Amino acid sequence: MTSVRVEAPAKLNLLLRVLGRESGGFHHIETLFIKLALHDVVHVDTSSRSRTLDCAGPSMPAGGLGPTEQNLAWRAATRFAEVAGWPSGFAIRIDKSIPVGGGLGGGSADAAAVLRGLNQLAPKPLDEHALIMLAGELGSDVPFLTCDALLAWGWGRGDRLLSLPALPARAVDLVTFTEGVNTGEAYRALNRIIGESAPAQVWSSGAFASWGAIARLAHNDFEAVVEARHAGVGHWLPLVRAQARSRREAGEHAIGLMSGSGATCFLLSESATPADWPVPRTGEQFVRTSTAVAIVPPEPTA
Ligand code: ATP
């Protein structure tokens, strides 16, 4: 077999705390990751003599994704080839459906799909430990998106993971914006308000065992800096929070939060979005999509 089609699911952070900063500037986080049914599709072909990457699809920005060498999927393939000593050539095609630059981990998902796809095709596959190490080099979301877990607690640089039992599927309303948030800038803004380290915290083993428990803990440290800096988030995050609050008051386990370093805001709930949910205004810089959480494990298929 020389080619494989891999689904690359997006992620949300249901809880995200920034714990502190290493002297080298790298931040330690703790986060509850969940995969979404929303996904890119990545085709990996190792019969090619040359190395190519093509990206297309409904979520491609008009200006493209920048230089190929900086594309996370390309970097994943070249690092895999260095570490595994194989393949010499590859042709990667990505069909993008995950909105770009929105804290949904799109680039990381593509990189993870490339790692999984290449490892599936490799004559001598890397073991899981080596694959996750490689994923961790590429970014803090890549290890989770490379492993099989649908729900996981991640800490450190995102490369320490505790896989958790999946929960029943939920509807998620995503509010994504054409203008994203620069992750580096969001961390720099956060540095100015966080202390040396986050307050101590003890998590119980049941903390993430049900939607009810998770809804009580849902939180994102980045909201404190992004809400004031991004007009779309400033407008929509309060609406998403209010909607989640009123659903909780009605007895649902609803979560209204921003994902990652932004800008996507989401409402996760038991029921579909009601008719009284605010509708997009003409000319407003956002797109809305509905999807369902983590129902299909990302199994590569030939
Ligand atoms: P992060 O939090 O890591 O910045 P994100 O989830 O907010 O990521 P992505 O969709 O991964 O958002 O895009 C972030 C940036 O990564 C964009 O500026 C984009 O140009 C770049 N990028 C590199 N490779 C990819 C890829 N395969 N798909 C999408 N974006 C990519």
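With which residues is Gly101 in contact, leaving aside its neighbours within four places in sequence? In this predicted model, the contacts of Gly101 are Gly180, Val181, Gly262 and Ala263. Gly101 itself sits in the loop that runs between β4 and α2. Its relative accessibility is 42%, a value that falls between the 20% limit for buried and the 50% limit for exposed residues, so Gly101 counts as partly exposed. Between Gly101 and Ala263 the chain runs for 162 residues, yet the C-alpha atoms of the two are separated by 7.8 Å.

Two of these partners, Gly262 and Ala263, are joined by a cis peptide bond, with omega near 10°. Ala263 belongs to the loop between β9 (255–258) and β10 (265–269). A cis peptide bond also leads from Trp86 to Pro87, and here omega is near 0°. Pro87 is placed in the loop between α1 and β4 (90–95).

The chain as a whole comprises 302 residues, of which 49% are buried. Its secondary structure consists of eight helices and eleven strands. Of the contacts with a separation of 6 or more, 74% are between residues 24 or more positions apart. The average pLDDT of the chain is 87, and 89% of the residues reach a score of at least 70. Two segments have pLDDT under 50 throughout. For residues 281–285, the model has seven contacts beyond four places in sequence. For residues 294–302, the corresponding number is 21 contacts.

The largest pocket encloses about 1100 Å³ of space. Its lining consists of 40 residues, and those nearest the centre are Leu72, Gly105, Ser108, Asp141 and Thr183. Two or more lining residues come from each of β1 (3–21), β2 (27–45), α1 (72–84), α2 (106–121) and α5 (183–191). The most is given by α2, which supplies four residues. By residue class, the lining holds 13 nonpolar, 21 polar and six charged residues.

Asp141, one of the residues nearest the pocket centre, is found in the loop between α3 (128–138) and α4 (142–146). Its relative accessibility is 17%, which is under the 20% limit, and Asp141 therefore counts as buried. Beyond four places in sequence, Asp141 touches Lys11, Phe33, Gly105 and Ser108. Among these partners, Gly105 and Ser108 are themselves listed with the residues nearest the centre of the pocket.

Ile214 is part of helix α6, which covers residues 211–217. With a relative accessible area of 1%, under the 20% limit, Ile214 is classed as buried. When neighbours within four places in sequence are set aside, the contacts of Ile214 are Leu14, Leu32, Leu167, Ala207, Phe208 and Ile255. For one of these partners, Leu32, the C-alpha to C-alpha distance to Ile214 is 9.1 Å, with the two positions 182 residues apart in sequence. Another of the partners, Ile255, falls within the range of strand β9 (255–258).

Met60 lies in the loop between β3 (51–56) and α1. At 24% relative accessibility, a value over the 20% limit for buried residues and under 50%, Met60 counts as partly exposed. Apart from residues up to four places away in sequence, Met60 touches Cys55, Leu65 and Lys96. Met60 and Asp95 are 35 residues apart in sequence, and 8.6 Å separates their C-alpha atoms.

Cys55, a contact of Met60, has a relative accessible area of 25% and is therefore partly exposed. Cys147 has a relative accessible area of 13%, which is under the 20% limit, so Cys147 is buried. The structure holds zero disulfides.

Technical notes:
Residues are numbered from 1 along each chain as its sequence is written. This is a predicted model: local features need pLDDT of at least 70, side-chain atom pairs count only at pLDDT 80 or more; totals for chains, interfaces and linings use all residues. Side-chain values use heavy atoms; hydrogens and water are left out. pLDDT is the predictor's confidence in each residue, from 0 to 100. Contact means heavy atoms within 4.5 Å. A disulfide is a pair of cysteine sulfur atoms within 2.5 Å. Buried means under 20% relative accessible area, exposed over 50%, partly exposed in between (1.4 Å probe, protein chains only). On a 1 Å grid over the protein atoms alone, a cavity is a set of points where a 1.4 Å probe fits but cannot get out, and a pocket is an open set with protein on both sides within 12 Å along at least five of seven lines; lining residues have an atom within 4 Å of a point. Grid points are joined across faces, edges and corners, and a volume is the space filled by probe spheres set on the points. Ala, Val, Leu, Ile, Met, Phe, Trp, Tyr, Cys and Pro count as nonpolar, Asp, Glu, Lys and Arg as charged, and the others, Gly among them, as polar.
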